[in-house]
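User: I would like to go through the terms used for this model one at a time, and hear for each what the reasoning behind it is.

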Amino acid sequence: MAKQEDQFKKVLSHAKEYGYVFQSSEIYDGLSAVYDYAQNGVELKKNIREYWWKAMVQMHENIVGIDAAILMHPTTWKASGHVDAFNDPLIDNKDSKKRYRADVLIEEYCAKIEGKINKEVAKAAKRFGEAFNKDEFLATNNRVLGYQEKINTILARMGKSLENEDLADIKTLIEELEIADPLTGSKNWTEVKQFNLMFGTQIGASAENSTQVYLRPETAQGIFVNFLNVQKTGRMKIPFGIAQTGKAFRNEIVARQFIFRMREFEQMEMQFFVKPGTQKEWYEKWKQTRLKWHLSLGMGKENYRFHDHDKLAHYADAAADIEFNFPFGFKELEGIHSRTDFDLKAHEEYSGKKLQYFDHEENKSYVPYVVETSIGLDRMFLAVFSNSLQEEILDNGTTRTVLKLPAVLAPYKVAVLPLVKKDGLPEVARKIVDDLKWDFNVFYDEKDAVGKRYRRQDAAGTPFCITVDHDSLEDNSITIRHRDTMEQKRVKISELKEIIKAEVDVKTWLQKM
Ligand code: ATP
C-alpha cells in the first residue's frame, strides 16, 4: 500500500513538474477536484482523444460524430432520470465532519478483503514455485473461498439495498462491518442520504424570467435528442453509432483522487443503435472491441479486467466496466452499457415527438435499442500517464526517470538537439525542425549538456531525440536516440521522417487491434 501511495505521489508531482496537469486556479489554493491541462498535458489529452476518434469514427463506416451543446433543455434531464435519480448515497462522519460515498466505503472494505486473497496467492505461489496453478488455488483453497464468499455476500446485499433505495440498510451494513472513517478511525456515522450530482444554473437575465438549466452530467443525452436528426440527414441504417467527446459536470461527493474523479471532466462516448433483440450480441461485441482498443496501446494485458455489474442503472439490461490497474488499485476506466430503449422512449414521452426508425427490411418502425461505450478522457490520461512513469536503475548505478508513453500519444514525437550552440550546428538543427514540423510535433532544445537534455526528454516522454554534431555538416547524418532502449543509431537526415513515422503513426498502433 505504501508503495502504491508513493507511486501515486510521484505521478502527481511529475505531472506538475513536466507541464502535464496543474491544479485549477492554483494561485488561489485551487478548486477542489478541478484541474487544468498544461502545455504537454493538452497534447497528450488531444492525442488520446484523436486515437479514440479514429478508432471509433474514422474506422467505422456506420459511426458518425457530433458535438452537442453543454446546456440542454431542462426537460432532457427529467426524461433521462437525472433529476430524480442521479444521486449518490452519502454519509457523514459526525466526528471528523468528513463526507463519504457510502457505497465507496463498502467497496473499499471489500477491496481490503481482496488484498488478503492476493496475499494468500502470493504466499502459495512462493511455496509451490513452478508447480503453482493460480486458478486451481483460487477455486479450492478454503481460506480464499471464504474471503470471496464474504465479498460476494456484501456486494450483493449492497446492490440490492441500493436498488430498493433502502438507505437504512446501507447504514446498518456499514455498522455491521465496523467500517471506520479512513482518516480518523471514528465509527460515528450519520444516516445515509441521497445527493443529486448535477450542477444547476440559470438561463435568462432577470430572476422572474430565468429558467433553471443544468451543466450536462453526461454527453450521452446530446446524442439521444439528436438521434433522428443524424439518422435522417446522414441516411444512417441500423445498426449505426453516434460518437461524441466533450465536457461533463458532476458535483462529486468524494473527489480526492487527482484527475480520476473530477467535478468537470471530459467523456468520449459512442451510442450504438441496434434492432431490439440484438442488443446482447452487440454488447458483447463492443466489450471485446473496446478492450482491444486499450490493449493496442501496449500497457499490459494484466492491467485490465472486466467487472460485470450486479447493480444495474435504471436504464440498463447489462453493464460492465473495463477496470484499469491505477496506482491505487483496479478502478473503472470505461463503462459498456446495454441501455435498452429507455432513453429514446423517455424522450418520446416527454417531448411528444416520435423517435423511431423505419426498418425497410422489416417494413416497420421501432424505437432502437442502444449499446453505449463511455470512457473518461481524464481517467484514460491518468491510466496512460501513471503506467508510463517509470524509474530505471542504469548499468552505471544512476537512476533514470522515464515517461514511457505509447509513442502515438506522446506530446512531442521528437526533440532536435544541436550538440553545441555554435559552429553552424543550430542552423542545421533548425532546418531539420522546419522540415519535420509539418508531420510531427517537434521540440527544439540547445540548452545544457546533451546528456542532460536526453534525460529531460526521457522524463517528458519524447520517444526520439536527434543530435546534430560536427560530422552532420559533412555526411548529412545525425544520431537518433530511442527513449525506451536508449539505443543510438547514425542515420541520414533524409531517412528521419520514415523512421519516426513508423513508430508514431496512428495506423501502426491501431492496426494492432
Ligand atoms: P464512477 O462509478 O467512478 O462514479 P460512473 O459509473 O458514474 O463512474 P459513468 O457515468 O458510466 O461513470 O461515466 C462513464 C465514464 O466517465 C467512466 O467510466 C469514467 O471513466 C468517466 N467518469 C465518470 N465520472 C467521472 C469523474 N467524476 N471524473 C472523471 N471521469 C469520470
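Analyst: We can start with D469, which lies in the loop between β21 (464-468) and α16 (470-475); please keep in mind throughout that this is a predicted model.

User: Why does D469 count as buried?

Analyst: The relative accessibility of D469 is 15%, and the term buried applies under 20%, so D469 counts as buried. As for its surroundings in space, D469 and A429 are 40 residues apart in sequence, while their C-alpha atoms are 9.3 Å apart.

User: What makes strand β13 largely enclosed by the rest of the structure?

Analyst: Strand β13 covers residues 329-340, and nine of its twelve residues are buried, so the strand is largely enclosed by the rest of the structure.

User: How do you know that β12 and β13 pair, and in which sense?

Analyst: Pairing requires at least two bridges between two strands, and β12 and β13 have nine, in the antiparallel sense; these nine bridges therefore satisfy the criterion. Within this arrangement F326 stands opposite G329 in β13, and the two strands, β12 and β13, form a hairpin with two residues between them.

User: Which bridges join β13 to strand β16?

Analyst: Strand β16 (residues 369-376) is joined to β13 by six bridges, and the two run antiparallel; set against the requirement of at least two bridges, this too is therefore a pair. E334 stands opposite I375 in β16.

User: What makes R250, with respect to the ligand, a polar contact?

Analyst: The cut-off for a pair of N or O atoms is 3.5 Å, and an N or O atom in the side chain of R250 is 2.9 Å from an oxygen atom of the ligand, so the pair qualifies. By the same cut-off, R379 qualifies with a side-chain N or O atom 3.0 Å from a ligand oxygen, and F260 qualifies with a backbone N or O atom 3.4 Å from a ligand nitrogen. Around the ligand there are 16 residues, of which E252, R261, M262, E332 and L333 come nearest.

User: How many residues line the second largest pocket, and what kinds are they?

Analyst: The second largest pocket, with a volume of about 470 Å³, is lined by 18 residues, and K3, Q7, P327, S386 and L389 lie nearest its centre. The lining divides into three nonpolar, ten polar and five charged residues. Its largest share, eight residues, comes from α1, and among the elements that each supply at least two residues are also β12, α13 and β17.

Definitions and conventions:
Residues are numbered from 1 along each chain as its sequence is written. This is a predicted model: local features need pLDDT of at least 70, side-chain atom pairs count only at pLDDT 80 or more; totals for chains, interfaces and linings use all residues. Side-chain values use heavy atoms; hydrogens and water are left out. On a 1 Å grid over the protein atoms alone, a cavity is a set of points where a 1.4 Å probe fits but cannot get out, and a pocket is an open set with protein on both sides within 12 Å along at least five of seven lines; lining residues have an atom within 4 Å of a point. Grid points are joined across faces, edges and corners, and a volume is the space filled by probe spheres set on the points. Helices (H or I, at least four residues) and strands (E, at least two) are DSSP runs, numbered from the N terminus. Ala, Val, Leu, Ile, Met, Phe, Trp, Tyr, Cys and Pro count as nonpolar, Asp, Glu, Lys and Arg as charged, and the others, Gly among them, as polar. Buried means under 20% relative accessible area, exposed over 50%, partly exposed in between (1.4 Å probe, protein chains only). A residue is near a molecule or strand if one of its heavy atoms lies within 4 Å of it. A polar contact is a pair of N or O atoms within 3.5 Å; within protein, one must be able to donate a hydrogen and the other to accept it, and residues adjacent in sequence count only if both atoms are side-chain atoms.
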